[in-house]
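Please open the model in your viewer and keep the selection tool at hand. We will go from stop to stop, and at each one I will say what to pick and what is there.

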Amino acid sequence: LRHQPVIIRPAEERDLPAILEIANQAIAETTADWDTSPQTLDQRAEWLRGRNAAGFPVLVADDSGEVLGYASYGTFRDREGYALTVEHSVYVSPAAQGRGVGGLLMAELIEHARGAGIHVMVGGLGGDNEGSLRFYERLGFTALPPLREVGHKFGRPLDLVFVQLTVGADETS
């Protein structure tokens with residue numbers, strides 16, 4: 001019996017419990033997500049509906065029906081001048097980390113952004129998250145100088161590092 005490769009596909013309602021589990025693990029145990037309270041299935045469903053309604057992608061990594069991770073992007077800042085910039089996130093279940101799942105999700109997300117005419121993708125991460133910083137460096141993102149102690153979680157201050165990637169040509173130049 002041959003194992004099917006991981007596929008990247010649009011998220012569906014049936015994926016929400018797995019997405020919620022991955023998100024809540026990140027909230028409870030990591031500084032990858034700076035929320036401090038677990039989310040509910042209703043909150044995640046509203047998030048998915050909102051992303052879909054706005055035309056933003058929500059992708060999942062599917063391994064024979066098991067969701068290993070998800071990625072999405074949305075509005076960076078709510079001003080017209082930022083319309084060609086999006087902020088993204090990617091989360092992979094702990095059991096699937098180190099298997100290339102995040103890279104597969106990001107490759108598809110970047111291609112979606114290019115196809116949508118996006119110019120720049122940004123992401124925010126904890127300055128102490130060396131693994132994520134290396135991950136983004138491998139993908140060609142540039143890490144910007146940290147915003148010092150702008151976050152707080154687990155009883156300590158957190159630095160915020162933005163990473164950015166130019167994904168498309170500027171249509172106005």
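How many nonpolar, polar and charged residues are in the lining of the largest pocket? This is a predicted model, and in it that lining has 16 nonpolar, 19 polar and eight charged residues.

**Stop 1: the largest pocket**

Select Ala32, Ser89, Val90, Tyr91 and Tyr136 to begin, since among the 43 lining residues these lie nearest the centre of the largest pocket. The space inside comes to about 1100 Å³. Next, colour the elements that give two or more residues to the lining: the helices are helix 1 (16-29), helix 2 (41-54), helix 3 (101-115) and helix 4 (130-138), and the strands are strand 3 (66-75), strand 4 (85-92), strand 5 (120-126) and strand 8 (156-166).

**Stop 2: helix 1**

Stay with helix 1 and show its side chains. This helix has 14 residues and spans 20 Å from its first C-alpha to its last, close to the 20 Å expected at 1.5 Å a residue. Its buried residues are Leu16, Ile19, Leu20, Ile22, Ala23, Asn24, Gln25, Ala26 and Ile27. What covers them? Among the elements to display are helix 2, strand 2 (58-63), strand 3, strand 4 and strand 7.

**Stop 3: the nonpolar cores**

In soluble globular proteins, nonpolar side chains tend to be buried together. To see this here, select Leu105, Met106, Met121, Tyr136 and Phe141, the residues with the most contacts inside the largest nonpolar core, which has 26 residues. Strand 2, strand 3, strand 4, helix 3, strand 5, helix 4 and strand 8 each give two or more residues to this core. Which element gives the most? Helix 3 does, with six residues.

Now centre the view on Phe141. Leaving out residues up to four places away in sequence, Phe141 touches His88, Met106, Ile110, Met121, Tyr136, Val163, Gln164 and Leu165. There is also a second, separate core of 14 residues, and Ala11, Val60, Tyr70 and Tyr91 are included in it. You have already met Tyr91, at the centre of the pocket selection: Tyr91 is one of the lining residues that lie nearest the pocket's centre.

**Stop 4: Arg9**

Move to strand 1 (residues 7-10), where you will find Arg9. Is Arg9 buried or exposed? Arg9 counts as buried, because its relative accessibility is 10% and the cut-off for buried is under 20%. Beyond its neighbours within four places in sequence, Arg9 is in contact with Arg14, Asp15, Val58, Leu59, Val60, Asp62 and Val67.

**Stop 5: Phe56**

Phe56 is in the loop between helix 2 and strand 2. Draw a distance from its C-alpha to that of Ala32: the two residues are 21 Å apart in space and 24 residues apart in sequence. Around Phe56, again setting aside neighbours within four places, the contacts are Arg51, Tyr73, Gly74, Thr75 and Val86.

**Stop 6: two positive phi angles**

Most residues other than glycine have a negative phi. Two residues to check against that are Glu149, with a positive phi of about 55°, and Phe154, also with a positive phi of about 55°. Glu149 lies in strand 7 (residues 147-153), whereas Phe154 is found in the loop between strand 7 and strand 8. Turn on the surface to finish: Glu149 is exposed, with a relative accessible area of 58%, and Phe154 is partly exposed, at 44%.

Notes
Residues numbered from 1 in each chain as written. Predicted model: local features only at pLDDT ≥ 70, side-chain atom pairs only at ≥ 80, totals over all residues. Heavy atoms only, no water. 1 Å grid on protein atoms, 1.4 Å probe; cavity = no way out; pocket = protein on both sides within 12 Å on 5 of 7 lines; lining within 4 Å. Points joined across faces, edges and corners; volume = space filled by probe spheres on them. Helix = DSSP H or I, 4+ residues; strand = E, 2+ residues; numbered from the N terminus. Nonpolar A, V, L, I, M, F, W, Y, C, P; charged D, E, K, R; others polar. Buried < 20%, exposed > 50% of the residue type's maximum accessible area, 1.4 Å probe, protein only. Expected span 1.5 Å × (residues − 1). Contact = heavy atoms within 4.5 Å. Core = buried A, V, L, I, M, F, W, Y, C linked by side-chain atoms within 4.5 Å.
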